[in-house]
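Reader: I am new to this structure and would like to understand the words used for it. Could you explain how each label is earned?

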Amino acid sequence: MAKVRAHHLRAMKENGEKITMLTAYDAITAHIFDEAGIDMLLVGDSYGTTMLGHKSTVPVTMEQMELAVSAVARGVERAFIVGDMPFGSYEASNEDAVRNAVRLIKAGANAVKLEGGERMADRITAITKAGILVVGHIGYTPQSENALGGPRVQGRGDAALAILNDAQAVEDAGAIAVVLEMVPYDIAHEVTEKLNIPTIGIGAGKLTDGQVLVWSDMAGMQEWTPKFVKVFGEVGAALREATVAYKDAVKNLEFPDRAHAFDH
């Protein structure tokens, strides 16, 4: 299968073909998703909450993101890899943003993602001018959850105009795509219709150009999932069952048997 590139994503939007995206944080799951034909893999800073046990994405470091991006890159041949820029890696200056974006590209990402619309347009432009592809992220932006008052839908009522302005600012700044998180259905549709770049929805309805989910939510690994998540497989239950079966086999001297041992 040919490697997915930015121009393929734009062509998918133009042709009405939905773009598929999942998060990934390691080589083995990235390889499985890649073989399954997922178009884009987001090495999200959700790594912090799903893999590292943090209560939010805020504590995630550049070093941790580099490690996760490099692992995913080693497991992938086809999918387009997007590396999240963690909190604190791009807010202070354009120079910080470019320097840290370079680190993720060197680790194996095909593009970087950062949160914020109009307020981050200068950062997107600076990174783009450095020859690095950028994916925007507007609506609910988890790194700003303290300022937003927690995980709340963004763009209702009078706030809809701000979402539209943010989306246009992201495109004008040079982004190749934009994630719309927890945005009302009709607003997400309007943004998708107005932009030339693909929109990737998460909690934004089906009329965006594509969809992304945190893979552990999608696969039933979490005890709680947001309203917008559909569970497509009970991987958590299957893993728990396999673990109990292994434990019981060892305790009952059923594993390993003679077939699993070596002769001298």
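**How the labels are earned**

Reader: Why is valine 235 called partly exposed?

Author: Its relative accessible area is 36%, as computed from a predicted model. Partly exposed covers the range between under 20%, which is buried, and over 50%, which is exposed, so valine 235, at 36%, belongs in between. You will find valine 235 in helix H11, residues 235-251. Together with Met221 and Leu239, Val235 forms a nonpolar patch on the surface, with about 230 Å² of accessible area together.

Reader: What makes methionine 182 count as buried?

Author: Buried requires under 20%, and methionine 182 has 13% relative accessibility, so it counts as buried. Methionine 182 sits in the loop between strand E6 (177-181) and helix H9 (185-194). Its backbone is worth a look as well: methionine 182 has a positive phi of about 50°, although it is not a glycine.

Reader: And why does leucine 253 count as exposed?

Author: Here the value is 76% relative accessibility. Exposed asks for over 50%, so leucine 253 passes at 76%. Leucine 253 is another residue other than glycine with a positive phi, near 60°, and it lies in the segment after H11. Proline 256 is in the segment after H11 too, and the peptide bond leading to it from phenylalanine 255 is cis, with omega near 0°.

Reader: How do you know that arginine 78 and aspartate 39 meet in a salt bridge?

Author: The N to O distance between their side chains is 3.1 Å. A salt bridge needs these atoms within 4 Å, so the pair at 3.1 Å qualifies. Arginine 78 is in the loop between H4 and E3, while aspartate 39 is in the loop between H2 and E2, so the pair ties together parts 39 residues apart in sequence. Both residues are buried. By this rule the count of salt bridges comes to 9.

Reader: What makes glutamate 66 and arginine 103 a salt bridge?

Author: Their closest N and O atoms are 2.7 Å apart, and the limit is 4 Å, so the label fits. This pair links distant parts of the chain, with glutamate 66 in helix H4 and arginine 103 in helix H5, 37 residues apart. Arginine 103 is partly exposed, with a relative accessible area of 26%. By contrast, aspartate 96 and arginine 99 both lie in helix H5, 3 residues apart, about one turn of the helix. Their side chains meet in a salt bridge at 2.2 Å, N to O. Salt bridges that share partners also join Glu63, Glu66 and Arg103 into one network.

Reader: How do you know that the span of helix H4 is close to the value expected?

Author: Helix H4 (residues 62-74) has 13 residues and reaches 18 Å from its first C-alpha to its last, and 18 Å is also what is expected at 1.5 Å a residue. Its buried residues include Met62, Met65 and Val72. The buried residues of H4 pack against several elements, among them helix H2 (27-36) and strand E3 (80-84).

Reader: Which residues of the largest nonpolar core touch the most other members?

Author: Leu41 and Ile127 do, out of 56 residues. Helix H8 (residues 160-173) gives the largest share of this core, 6 residues. Among the residues that leucine 41 touches are Leu22, Phe33 and Val72.

Terms used:
Residues are numbered from 1 along each chain as its sequence is written. This is a predicted model: local features need pLDDT of at least 70, side-chain atom pairs count only at pLDDT 80 or more; totals for chains, interfaces and linings use all residues. Side-chain values use heavy atoms; hydrogens and water are left out. Helices (H or I, at least four residues) and strands (E, at least two) are DSSP runs, numbered from the N terminus. The expected span of a helix is 1.5 Å times one less than its number of residues. Buried means under 20% relative accessible area, exposed over 50%, partly exposed in between (1.4 Å probe, protein chains only). Contact means heavy atoms within 4.5 Å. Patches are made of residues with over 30% relative accessible area and no salt bridge: like charges are joined within 9 Å, nonpolar side chains (Val, Leu, Ile, Met, Phe, Trp, Tyr) within 5 Å. Accessible areas come from the Shrake-Rupley method with a 1.4 Å probe; for residues, only the protein chains shown count as cover. A nonpolar core is a set of buried Ala, Val, Leu, Ile, Met, Phe, Trp, Tyr and Cys residues joined through side-chain atoms within 4.5 Å. Lists of a residue's contacts leave out its neighbours within four places in sequence.
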